Amino acid sequence: MEEYILEMKNIVRTFPGVRALNGVSFQTKRGSVHALMGENGAGKSTLMKCLVGINPPDSGEIWLKREKITIPNPHEALKLGIAMIYQELNPVVERSVMENIWLGREPMLRGLGVLVDHKAMYEQTRQLLNELEIDIDPKIKVKELSVAKMQMIEIAKAISYNADVVIMDEPTSSLTPNEVEHLFSMIRKLKARNVAVIYITHKMEEIFTIADEVTVLRDGNNITTNPIAEINIDSLITAMVGRRLTEMFPKMESKIGDVKLAVHNIEVPGLLHDISFDLRKGEILGVAGLVGAGRTELMETLFGLRRKSAGEILIDGKKIDIRVPSDAIRAGIGFLTEDRRLNGIIPVLSVKVNTIVANLRNYLKYGFFLNLRKIQSDCEEYKNRLKIRTPSLDTLIQNLSGGNQQKVLVARWLLTNPDILILDEPTRGIDVGAKAEIHTIITKLACEGKSIIMVSSEMPEILGMSDRILVMSRGQITAILDRKDADQETIMRYAAAKANNNKVA
Amino acid sequence: MAQQSNVGKFINKYAIFIVLIVMVVVLSFLSPAFLTTQNLINVLITESGRGILAIGVAFTIISRGIDLSVGSIVSLTSVIAASLVQDPSYSARIFPNLPLLPPIVAVLAGLAAGTVVGMTNGALIAYTAIPPFIATLGSMIIARGLALILTNAYPVPMLRPEFKIIGQGSVGTIPYVVIVFALVAVIAYIILNYTRFGKNVYAIGGNVNAAKTSGIKVKKNLVAIYAVSGFCASIAGILITARAASGIATLGNNYELDAIAAATIGGTSHTGGIGTVPGIIAGILILGILNNGLLLLGISPYLQQVIKGIIIVGAVVFDMRKNARQK
């Protein structure tokens, strides 16, 4: 039998009120990519945080290279050869690549031992990056790099610690397909160096490309561990959610009506060029494209968060002037933003305040005071309607799971009673169960006659939910496809197209 | 087990008030002069001005800003209001030819001055996007300079009794200044909890991007927030001037720091979105009782400063730990 480099045995970890890990065991081998899957809250991240010493386990054993170890903190983990690439990278952006890699263990000038040897640092960094075939100048400031390149730097850093175990927590969540490909080739290099890679992800298609083994956790318990060859998407989903999701995309056919929103020739210098499309009543318009294609920027322009230099927006055939978001809200547009934490939730405020914050105007009594009773009853109603799971409406939103936070944000916009709802990556980073619930909400809204624009980077979501699909590339629309004409390859072709003002290539 | 954690929660939630009560109890035992009506009213009189200041500053802190100019606004308000109500028999008046004005004119002029400085702060922060610390640092120095220019650094004495009564009169045993402080506190409480503007303040401090996308007019609200702070500072300026019976161009020096300290001790978070009026009042009372109690116990005023500093830092450490534990 093959030797395990790392074994975690019966790991238990509790947090106040929650038993996050309930005796989980996990083994992995050298030169193998081991995917760790499960819904949010299943315990994947907690298990890895036990391993790198962020949350040491309450009980259970960790064995590395046949020695029993305890890991009190991430620094010790690194010294033992366990490195973690976090989902949210946290580099010192104002400093250079090489300073980031050698942070805390800078090579020193000989003799004195107090001054940093920048020359040696540069040489060592260059060597490291060469070896990994990463083409980045060690002296460039990290803030100049894309997220993908920052990740490469993190991986290089892990290698520089001679890590035997490298953990990656949802590394592809903000990468373009090309960058994902590059990351995968990097992972293959790690494999070739006999490193054990632990790969946390929500994305099914990725694990079939890159993983050798898959372990599924649910509610802090081991469910299955299998070689990749012995599983398929259905069995994985069943293992993750503990029930069969009869339909991943519960799209209902809605009655598509007249043109609700018409956009003519929108320009935003340097970002958007000649954008025209329309959106009908009851329609879900999917918006596809690579990261950086200008999809979010277009939505921000429609909503008044960006200024357009030319073009017009018509609602029900009437030209409207949108300069600030409150104009858009008044015109019946709602905008669920892409980055929940950055632009969506107000973490330190209650679920209730987060629900009503876009709609305060409608709760005014005597023009100044808020009608708290109506706020309470409306929030209750939406909590039940959208099945928001929260101990109370006064709970701080930061204590809810990602899926439930997202539902609160959906409630926020539904309360403004919009005719047009813009959803930017509505299911990013939330678990399979909550995803299906949000998809159900979206399709129901369309059936009620709302017009929906849904930006998504997930092909299955775009294909499964949309009536029509608008594809963007480099700030322009390259195609608007009917549901029946769209498939993954066609969309990708248009998404990668250089728009030559030639919409149907 | 569950009960214990409830006790823990209770202590966490009301820690600041528990500290206040413990201080009162301990001081009552240590000094017989402490728990007397007159002494407690003295504490309230002394702290009313800074308390109003702290409430105004808290609006800016909750919105994730800061207002360093409030002390200077106290000074500026002081000399402006005082210069309009000097006794005509006094020969060295700032405005020698000023006709006899009703005192309300002086009050309104003072309030207007503070509000204008506040709005300027807000406009600078909102429309030029300079950090609140810098904007209000600038206006703090400017307002201080204006107060000195107006008076040539001399006091503005001999105020008419109709004006002085604001600071010195009382209803029964309760002085007007304390009543005004209570009114400001109640109104601020209502604004923060029951109005749209109040919710906007919390939302802007909690996540300015989310506030923007929710259609909140962040810039206009910022102007209003700093105007509130300036307005409160000028109320404090008038009360303190009337009590001191003289306009002084250095009257409010360092008051901004006391106000920020009180708001901070009272649980107003500099990371934005968190803060309550009862907390701020507890904060200012803790500082006031500490001053008073240490004085009664005959402890050196220099040591008092050391203790004050430790309490401020300790309060924030406690708050951070409390918030971290909730996560």
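Colleague: In which sense do strand β13 and strand β20 of chain A pair, and over how many bridges?

Modeller: The general idea is that strands of a sheet pair through backbone hydrogen bonds, either parallel or antiparallel. In this predicted model, strand β13 (residues 284-289) and strand β20 (residues 451-455) of chain A take the parallel sense, and their pairing runs over 4 bridges. To find the place by eye, start from Leu285(A), which stands opposite Ile453(A) in β20(A).

Colleague: Which helix packs on the sheet and touches β13, β19 and β20 of chain A?

Modeller: That is helix α15 (residues 432-447) of chain A, whose direction makes about 150° with that of β20(A). Helix α17 (residues 488-496) of chain A also packs on the sheet, where it touches β13, β21 (468-473) and β22 of chain A, and its direction makes about 30° with that of β21(A).

Colleague: In what order do the strands of this open sheet of chain A stand?

Modeller: The order is β16-β19-β20-β13-β21-β22 in chain A, which makes an open sheet of 6 strands with mixed pairing. At the edges are β16 (333-336) and β22 (476-482) of chain A, and because each has a single partner strand, one side of each is left without a neighbour in the sheet. If direction is ignored, neighbouring strands of this sheet are turned by 20° against each other on average.

Colleague: Which strands make up the open sheet of chain A that has β6 and β10 in its order?

Modeller: Its 6 strands follow the order β6-β7-β8-β3-β9-β10 in chain A, and the pairing is mixed. The edge strands, β6 (82-85) and β10 (221-227) of chain A, each pair on one side only. In this sheet, neighbouring strands are turned by 20° against each other on average, with direction ignored.

Colleague: How should I read mixed pairing there, and in which sense do β7 and β8 of chain A pair?

Modeller: It helps to take the strands two at a time. Strand β7 (residues 165-169) and strand β8 (residues 196-200) of chain A pair in the parallel sense over 5 bridges, and Val165(A) stands opposite Ala196(A) in β8(A). By contrast, β9(A) and β10(A) pair in the antiparallel sense over 6 bridges, with Glu213(A) opposite Pro227(A) in β10(A).

Colleague: How many residues lie between the strands in the hairpin of β9(A) and β10(A)?

Modeller: There are 2 residues between the strands of that hairpin, in which Asp219(A) takes a positive phi near 50°. When you look along the strands themselves, remember that in a regular strand the side chains alternate between the two faces of the sheet.

Colleague: Which strands of chain A does helix α5 of chain A lie across?

Modeller: Helix α5 (residues 147-160) of chain A lies across β6 and β7 of chain A and runs at about 175° to β6(A). Helix α8 (residues 233-241) of chain A lies across β3 (33-37), β9 (213-218) and β10 of chain A, running at about 30° to β9(A).

Colleague: Stepping back, how many helices and strands do chain A and chain B have?

Modeller: Chain A comes to 17 helices and 22 strands. Its radius of gyration is 25 Å, close to the 23 Å that the globule rule gives for 505 residues, so chain A is as compact as a globular protein of that length. Chain B comes to 13 helices and 2 strands. For chain B the radius of gyration is 20 Å, close to the 20 Å that the rule gives for 327 residues, so chain B too is as compact as a globular protein of its length. Buried residues make up 45% of the 505 residues in chain A, and they make up 49% of the 327 residues in chain B.

Colleague: At what angle do helices α4 and α5 of chain B pack?

Modeller: Helix α4 (residues 103-128) and helix α5 (residues 132-151) of chain B pack at an angle of about 150°, with their axes 9 Å apart, and the crossing is right-handed. Residues of α4(B) including Val117(B), Leu124(B) and Ile125(B) meet residues of α5(B) including Pro132(B), Ala135(B) and Ala143(B). The residues of this contact divide into 6 nonpolar, 4 polar and no charged.

Colleague: Finally, how many residues does each chain give to the contact between chain B and chain A?

Modeller: Chain B gives 18 residues and chain A gives 24 residues. On the side of chain B, the elements that give two or more residues are α8 (196-206) and α9 (208-213) of chain B, and the largest share, 5 residues, comes from α8(B). By class, that side of chain B has 5 nonpolar, 8 polar and 5 charged residues.

Terms used:
Residues numbered from 1 in each chain as written. Chains lettered and ligands numbered in written order. Predicted model: local features only at pLDDT ≥ 70, side-chain atom pairs only at ≥ 80, totals over all residues. Rg over C-alpha atoms; globule rule 2.2 N^0.38 Å. Buried ≥ 20, exposed ≤ 12 C-beta atoms within 10 Å, placed from the backbone. Contact = placed C-beta atoms within 7 Å. Nonpolar A, V, L, I, M, F, W, Y, C, P; charged D, E, K, R; others polar. Pairing = 2+ DSSP bridges. Axes fitted to C-alpha atoms, helices over the stretch in contact; angles between N-to-C directions. Left-handed = near helix turned anticlockwise from the far one by under 90°.
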